[in-house]
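Visitor: I would like a close look at one topic, please: strand pairing, with the backbone details that go along with it. Please take your time and connect the pieces for me.

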Amino acid sequence: MFDLLLKAMSRIVVSYSAKKQAVHFLPDFNAWGLDRNGDQLVISGISALELIKQYGSPLLVLNELRLDYDIRNLQKAFSCAPRGSMILYSYKTNCIPGILQYIHSRGLGAEVISPYELRLAERLCVPGNNIIFNGVSKSKESLEQAIKKGVFSINADTIDELETLKDLSAELKTQVRIGLRLGLAGDSQFGLDFDSGEAAAACGLVMNNMKAFNLVVIHLHTVANARNAKKHLAYIKKALKFLLQIKNCYGVDVPYLDIGGGYGVPTSQVMSKPAYAIYRLLGILPSRPNWNEYQPMADYFKEVVKFISDFCNTNRLPMPKLIIEPGRVVTSRAELLLSSVNATKKKNSGLQFAMTDVGKHSIAYPCDYEYHDIFVANKLTRLPFQRYNIVGRICMSSDFIVKNKLLPQLEPSDVIAVMDAGAYFSSYSSNFGFPRPAIIKVCEGKTDILRHEETLEHTIYMDTVFPR
Ligand SMILES: *Cc1c(COP(=O)(O)O)cnc(C)c1O
């Protein structure tokens, strides 16, 4: 009975949300730095269809000019921060070396969370003082590697980690540059818990071992997909009080405040908990985020810097230099995912399926919990009137990109474009059933391969059954 009711309800709401989708189906592609030529989606001078023809499907495409634009925009916005402040790109967001290299060439440093990422930064010749080592579960080996590399700061996440660092300092006979990551957001697994006094205890441990430690950073990373600075400021306030406490108790001025990443982009959005539940339960796709709700980055950082500077003036605290660790806001919009329709099928209910070569389990995992705009790259201006579930090629019912999406009639070899694939897409990708796709970059009609498509040989390389 409940099931039937749920089904009836979901029919009504799905059809309502479908109507809403139809009204707003063609946005301004300039939001991603893309163009439209009639029906065709064009990426820096080349149509999506042409790219698929040349490089195969599926394909991740980096739009280099858009990456450049977003980096400049961020740098300009952050230029209100005190001299000596730093922007460190969060490697886990998109750790394709060709992309990281470009980001570093524009002057951003590295925020890494693992020995693999640290090694990657090293291979990309990022100087130690442009690297921060974060991470929630660092091994002793990785800490040793970071100390030897001379990173700007190792941001400690637990008291146990501090104890290990103390031992390493003695073993290696060096003072360790250290940060303390504050756990400010309730029961999250991150950071030294602020409310229980764990952070204060960690600070005591550091201050009582000044030979082992040089405290250079207080760190927080507590917002995600922020639309404006409001929530961030509440956390920053706690961190500033902590800085003040350190000054009052120990007479020490910590020179850097690392306020983390989490800056949102208007074009894609993590679903709210209710929106996610409704999507899961009733199949109702959330609507496109309202782009106007997002505070421009320049205003965001102006507000943050003014807030910190006011606090410091009032409390006679020297203004700390700032560190930010953006991920999504740097790369999200600059990359898109192209896939091809292999076949379609229709259900009695009217729902259609598009069987494509990309699903959640291959390279589009964020589509599980984020809103992403999705277009038919070769039928842009056709009116969307069919309800589709776009699914991948893994035999799992969870392998979809989107459900109940209104699209024009699809047929084999149509190209589906998923926007905002530059954050957490390749990071989450797996070779479940199929090798991972190629990643290319496009710049004013020129293309380059950033990563080749995996071959069968790559996927079985570590298996001992097959002789090398
Ligand atoms: C993931 C992460 C970031 C980047 O987050 P975005 O939301 O992509 O900006 C920054 N700092 C830390 C510690 C992270 O774990």
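Guide: Happily! Two strands pair if DSSP finds at least two bridges between them; strands (E, at least two residues) and helices (H or I, at least four) are DSSP runs numbered from the N terminus. The model is predicted, so local features need pLDDT of at least 70 and side-chain atom pairs 80 or more, while totals for chains, interfaces and linings use all residues. Numbering starts from 1 along each chain as its sequence is written, and side-chain values use heavy atoms, without hydrogens or water.

Let us start with S1, S2 and S3. These three strands make an open sheet in the order S1-S2-S3, and their pairing is antiparallel. The edges are S1 (35-37) and S3 (46-47); each has a single partner strand, so one side of each is left without a neighbour in the sheet. Between S1 and S2 (residues 40-43) there are three bridges in the antiparallel sense. To find this pairing in the model, look at aspartate 35, whose bridge partner in S2 is valine 42.

Going along the chain, the next stop is a loop. It links helix H2 (48-55) to strand S4 (59-63), and proline 58 is found there. The peptide bond that joins serine 57 to proline 58 is cis, with an omega of about -5°. Most peptide bonds are trans, and most residues other than glycine have a negative phi; please keep the second point in mind for later.

Now follow S4 to its partner. S4 and S22 (residues 438-443) run parallel and are joined by five bridges. Leucine 59 is a good place to look, as its bridge partner in S22 is alanine 438. S22 is also joined to S23 (residues 446-451), here by five bridges in an antiparallel run. For this pair, take cysteine 443, which has lysine 446 as its bridge partner in S23.

S22 and S23 form a hairpin, with two residues between them. In its turn, glutamate 444 has a positive phi of about 45°. Another positive phi belongs to asparagine 404, at about 55°, although this residue is not a glycine. Asparagine 404 does not sit in that turn; its place is in strand S20 (residues 400-407).

To retrace the walk, S22 pairs parallel with S4 and antiparallel with S23, while S1 and S2 pair in the antiparallel sense.
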